[in-house]
Amino acid sequence: MLPTGLVAHERYFWHDPGRGAGFSTSSIYVQPDRHPEDPDTKRRLLALLEVAGQLEHLTRIAPRPATMDELLSFHTPGYIERVKTLSAGVGGEAGDSATVGHGSYEIALLSAGGCLAASEAVLGGQVRNAYALVRPPGHHAEADTGRGYCLFGNAVLVVKQARLRHGLARVAVVDWDVHHGNGTESAFIDDPSVLTISVHQDQNYPVDAGSLAVNGTGAGLGANINIPLPAGSGHGAYLDTFDRVVLPALRRFRPELIVIACGLDASIIDPIGRMLCTSDTYRELTRRVMAVADEVCHGRIVATHEGGYSNAYVPFCGLAVIEELSGHRSPVVDPYLEEFRLMAGHDLLPHQAAVIDQAAALVPRVPAG
Ligand SMILES: [Zn+2]
């Protein structure tokens with residue numbers, strides 16, 4: 001069996017979003033603290049992969065910077081120039097909570113290009129699937145603005161290039177970040193060749209996005225599914241969502257590549273999400289998506305790292321995803337899992353099932369592949 005690819009690079013951890021606290025930047029009454037999108041969550045995941053011995057079971061893929069042509073397949077020239085100019089100076093704001101630090105432009109190019117390199121390795125048959133442990137993240141970035149800590153749309157660019165350069169007819173994006181994948185949705189809202197699915201906390205960020213009613217437009221009608229789960233949803237709600245909505249939609253659409261926008265901020269101790277997922281939840285979700293990928297697209301999955309803000313827990317959730325992708329279980333036992341399992345709220349509750357029922361009714365509208 002082909003190996004699993006991993007993209008990671010020290011430079012990803014050097015993107016500096018400045019000082020903040022909670023989700024806000026520091027200000028006259030917000031005492032400066034570490035920014036929530038802190039490099040340590042991702043650095044600690046890479047460190048755990050190393051000490052767990054998992055790196056030896058992965059094939060490292062070297063990232064490269066995304067090219068201007070690739071960026072222009074989604075972003076406007078004016079926006080790209082704005083990020084570049086801010087980055088060459090002292091930095092600044094590139095939209096809504098999308099801080100550019102000095103040198104962030106080059107790092108964002110390497111982040112997008114790392115995801116593209118992962119995808120090229122999967123589509124080129126060098127690896128079966130790949131995890132791009134990149135930073136800054138991408139799923140909130142829109143064509144002409146940065147949003148939510150995201151500068152360039154990493155997953156969007158993977159899909160665009162898979163279609164344009166590799167000639168794929170259908171690609172699906174499964175976004176399980178706790179926040180709505182607004183950037184990815186905006187890129188493909190009218191495109192029947194790209195199925196976008198976002199499973200997120202209802203009315204978190206962006207608060208005005210991600211409703212069930214946004215189901216694609218024009219030729220893309222039916223090819224965008226939002227599942228806005230109520231705050232407090234956990235293992236049971238997530239598994240039910242995948243079993244009754246995400247997996248049937250993927251089976252109906254039959255993509256040639258599945259991109260997972262892998263945010264790990266639906267975890268039970270994430271500081272800016274209010275969900276109850278554990279590493280076991282992420283393990284099960286990965287298994288389920290892999291089972292469909294095996295059926296419809298030779299197991300081809302590219303996971304792009306998105307949010308996830310618990311320094312303690314992101315590494316264990318990420319390890320679970322990567323263990324499943326690679327088929328190699330490290331000796332690491334999630335040290336938090338037993339205690340988290342004893343807490344209440346993991347079972348599917350009626351008000352959560354009601355939302356999943358509504359989302360499941362959208363599956364027959366997905367364009368059949
Ligand atoms: Zn997020």
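Me: In β3, which residue is the bridge partner of A21?
Reply: This is a predicted model. Strand β2 (residues 19-21) runs antiparallel to β3, and 2 bridges join them. The bridge partner of A21 in β3 is S24.

Me: Which are the edge strands of the open sheet with the order β3-β2-β4?
Reply: The open sheet has 3 strands with antiparallel pairing, in the order β3-β2-β4. An edge strand pairs on one side only. The edge strands are β3 (24-25) and β4.

Me: How many residues apart are E37 and R135, which meet in a salt bridge?
Reply: The side chains of E37 and R135 form a salt bridge, 2.8 Å from N to O. E37 is in the loop between β4 (33-34) and α1 (39-51), while R135 is in the loop between β9 (129-132) and β10 (146-147). The pair therefore links distant parts of the chain, and E37 counts as buried at 1% relative accessibility, as does R135 at 0%. Along the chain, E37 and R135 are 98 residues apart.

Me: Is R34 buried or partly exposed?
Reply: R34 forms a salt bridge with D40, with the closest N and O atoms 3.3 Å apart. Buried would need a relative accessible area under 20%, and exposed one over 50%. The relative accessible area of R34 is 46%, so R34 is partly exposed.

Me: In which helix do D40 and R43 both lie?
Reply: The side chains of D40 and R43 meet in a salt bridge of 3.9 Å, N to O. R43 counts as partly exposed, at 31% relative accessibility. The two residues are 3 apart, about one turn of the helix, and that helix is α1.

Me: How many salt bridges does a search of the whole structure find?
Reply: Some salt bridges are linked in a network, made up of D243, R283, E284, R287, R288, E323, E324 and R329. Another salt bridge joins E37 and R135. For the whole structure, the search finds 24.

Me: How many of the 11 residues of helix α5 are buried?
Reply: Helix α5 covers residues 154-164 and is mostly covered. Its buried residues include N154, V156 and L157, and Q161 and A162 are also among them. The number buried is 8.

Me: Which residues does A219 touch, not counting those up to four places away in sequence?
Reply: A219 lies in the loop between β12 (194-201) and β13 (224-229). At 59% relative accessibility, A219 counts as exposed. The C-alpha atoms of A219 and A108 are separated by 32 Å. The residues A219 touches are D190 and P192.

Me: Which residues are the protein donors of the zinc ion?
Reply: The donors follow the spacing D-x1-H-x85-D along the chain. H179 is in the loop between β11 (171-175) and α6 (182-188), and D265 is in the loop between β14 (257-262) and α8 (279-296), 86 residues apart. H179 counts as buried at 5% relative accessibility, and D265 counts as buried at 0%. Lying 1.9 to 2.7 Å from the zinc ion, the donors are D177 (OD), D177 (OD), H179 (ND1) and D265 (OD).

Me: Is the site of the zinc ion tetrahedral or irregular?
Reply: The site has 4 donor atoms, with angles of 54 to 155° among them. Four donors count as tetrahedral if all angles lie between 85 and 135 degrees. The angles at the zinc ion go outside those limits, so the site is irregular.

Conventions
Residues numbered from 1 in each chain as written. Predicted model: local features only at pLDDT ≥ 70, side-chain atom pairs only at ≥ 80, totals over all residues. Heavy atoms only, no water. Salt bridge = Lys/Arg side-chain N within 4 Å of Asp/Glu carboxyl O. Buried < 20%, exposed > 50% of the residue type's maximum accessible area, 1.4 Å probe, protein only. Helix = DSSP H or I, 4+ residues; strand = E, 2+ residues; numbered from the N terminus. Pairing = 2+ DSSP bridges. Contact = heavy atoms within 4.5 Å. Donors = N, O, S within 2.8 Å, 3.2 Å for Na, K, Ca; no water. Tetrahedral: all angles 85-135°; square planar, octahedral: opposite > 155°, others 65-115°.
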